[in-house]
Amino acid sequence: MINLNRRRTLALAVGGTALATQLPAVLRAAERQAALRYPLRLSANENPWGPGPAARLALAAAIDDSCRYPMESSARLLAAIAAKENLSADNVAIGSGSAELLNVLATGWCARKRLVSAWPTFNQIHTMAASVGADIVHVPVDAALRHDLPALDAAVNGNTGIVYVCNPNNPTGTVVPAAALRDFCKSIGERALVVIDEAYLDFADPAATGSMVELVRSGANVVVLRTFSKLHGLAGLRVGYALARPDLIKKIRGPHLAIPNGAGLAAALASLGDQPFMQTTRETLLADRARITSACQALAIECTPSQGNFLFMKTGLSLEEFRNRMRAERIEVGRPFEPLLDWCRVTVGTTAETTAFITALQKIKETRA
Ligand SMILES: Cc1ncc(COP(=O)(O)O)c(C=O)c1O
């Protein structure tokens, strides 16, 4: 249902006659995105269904405020996130994407210290930590491509700044069960800061894993990271956030965090309340993820039980060859994740994109057989 005040705000934003043509376009966005636009981008774990209707309306309305610094929008989003998580505003820091927060964590906690993480994993924090002289320890995932918690624990020494856990893990899609992760965080937290990256948690089965935000509530030495780039479909607007104890948030906010952009803050705030968009998007992406899993099974392609909006598959070709073959079908798939160079990460796109990917996968497999 469209809120009439929002309609009016949008009318002011786009001007009287433009409204007639602009408004339906805004609201038919998902429909338009069902059309295939080549090359298909299944390489960056974005959500092609976004932004949702509420975020689109908020973005249009934010045009007028773009001449202002976004202090009020920032405070509003902080308050909304805090209320949703049963925390207070001083438990929340907003960043230009969670990537900026990972950079700030690396510089604040890892300079000339040790960074411990699973490998392969999302490597933003590693890149920045390396630039400030960190000793980076990669702990290989186990045979099922899951985090090896005892090995991660054993890698922590007296000079460890951060233990980074991406849950679900990018690129493997595997998760650590909530109870085991909670115990791990409590134990490691006495020796180092634990950063739990929950960028993809919205796509996970709640029976398989869960958020570590309750540890923030109980004052543990833990930072939980979230982003509006995935389920909310706002990757281009660069809004992410950290949840942690007030003393940790104070240090994260420190002198290096940029002021996020106002349009992004407005869209994020609106999206946070857009339950129908989140639910439909999640259901659609999970159904298409299941279709890709079934196609892999039918083609005897090994594929992890991914809990993210992407899949990690062993295609039977080197990644380089598989990427080239997919490029010939005008489909872009994921980058290399060392040392698993015969595996490929594929992002779940729209339903039409998923069908196109499965067709291409079948063709590649058949022409190889
Ligand atoms: C695990 C993980 N964390 C964080 C990010 C960064 O997201 P953003 O900076 O868009 O919030 C990504 C991006 O793909 C990711 O995969």
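Colleague: In which loop is the place of Arg 330?

Modeller: This is a predicted model, and Arg 330 has a phi near 60 degrees, a positive value in a residue other than glycine. Arg 330 is exposed, because 12 other C-beta atoms lie within 10 Å and a residue with 12 or fewer counts as exposed. Its place is in the loop between helix 14 (319–328) and strand 11.

Colleague: Does Arg 112 count as buried or exposed?

Modeller: Arg 112 is found in the loop between helix 6 and strand 3. Its phi is near 55 degrees, positive in a residue other than glycine. Inside 10 Å there are 10 C-beta neighbours, so Arg 112 counts as exposed.

Colleague: Which residue does a cis peptide bond join to Glu 338?

Modeller: The residue sits in the loop between strand 11 (331–332) and strand 12. The omega of this cis bond is about 0 degrees. The partner of Glu 338 is Pro 339.

Colleague: What is omega for the cis peptide bond of Gly 50 and Pro 51?

Modeller: Pro 51 has its place in the loop between strand 1 (40–41) and helix 4. The cis bond joins Pro 51 to Gly 50, and its omega is about -15 degrees.

Colleague: How many residues of helix 4 are buried?

Modeller: Helix 4 covers residues 53–62 and is mostly covered. Its buried residues include Pro 53, Arg 56, Leu 57 and Leu 59, along with alanines such as Ala 60 and Ala 61. The number buried is ten of ten.

Colleague: At what angle do helix 4 and helix 12 pack?

Modeller: Two packed helices are described by the angle between their axes and the distance between the axes. For helix 4 and helix 12 (residues 262–272), the axes are 8 Å apart. Helix 4 passes helix 12 in a right-handed crossing. The angle is about 150 degrees.

Colleague: How many nonpolar residues does the contact of helix 4 with helix 12 have?

Modeller: The contact of helix 4 with helix 12 is made on the helix 4 side by Ala 54, Ala 55, Leu 57, Ala 58, Leu 59 and Ala 62. On the helix 12 side, Gly 262, Ala 263, Ala 266, Ala 267, Leu 269, Ala 270 and Ser 271 take part. By class, two residues are polar and no residue is charged, while the nonpolar residues number eleven.

Colleague: What covers the buried residues of helix 12?

Modeller: Ten of the eleven residues of helix 12 are buried. Among them are Gly 264, Leu 265 and Ala 268. The cover includes helix 4 and helix 5 (71–85).

Colleague: Which are the edge strands of the open sheet of seven strands?

Modeller: The sheet has the order 2-8-7-6-5-3-4, with mixed pairing. An edge strand pairs on one side only. Neighbouring strands of this sheet are turned by 20 degrees against each other on average, direction ignored. The edge strands are strand 2 (92–95) and strand 4 (135–140).

Colleague: Which residue is the bridge partner of Arg 114 in strand 4?

Modeller: Strands of a sheet pair through backbone hydrogen bonds, either parallel or antiparallel. Strand 3 (residues 114–119) and strand 4 pair in the parallel sense, over six bridges. The partner of Arg 114 is Asp 135.

Colleague: At what angle does helix 7 run to strand 3?

Modeller: Helix 7 (residues 124–131) lies across strand 3, strand 4 and strand 5. Its angle to strand 3 is about 150 degrees.

Colleague: Which helix gives the most to the shell around the ligand?

Modeller: The ligand is surrounded by 13 residues, and the closest are Gly 97, Ala 99, Thr 227, Ser 229 and Gly 240. By class, the shell has five nonpolar, seven polar and one charged. One helix gives three residues to the shell, and that helix runs at about 155 degrees to strand 7. The helix is helix 6 (residues 97–109).

Colleague: Why is strand 12 largely enclosed by the rest of the structure?

Modeller: In a regular strand the side chains alternate between the two faces of the sheet. On one side of strand 12, Trp 343, Arg 345 and Thr 347 are buried, and on the other Cys 344 and Val 346 are buried. Strand 12 is largely enclosed because the number of its residues that are buried is five of five.

Colleague: Which residue stands opposite Val 346 in strand 12?

Modeller: Strand 12 pairs with strand 10 (residues 310–314) in the antiparallel sense, over five bridges. The residue opposite Val 346 is Leu 311.

Technical notes: Residues numbered from 1 in each chain as written. Predicted model: local features only at pLDDT ≥ 70, side-chain atom pairs only at ≥ 80, totals over all residues. Near = placed C-beta within 6 Å. Helix = DSSP H or I, 4+ residues; strand = E, 2+ residues; numbered from the N terminus. Nonpolar A, V, L, I, M, F, W, Y, C, P; charged D, E, K, R; others polar. Buried ≥ 20, exposed ≤ 12 C-beta atoms within 10 Å, placed from the backbone. Pairing = 2+ DSSP bridges. Axes fitted to C-alpha atoms, helices over the stretch in contact; angles between N-to-C directions. Contact = placed C-beta atoms within 7 Å. Left-handed = near helix turned anticlockwise from the far one by under 90°.
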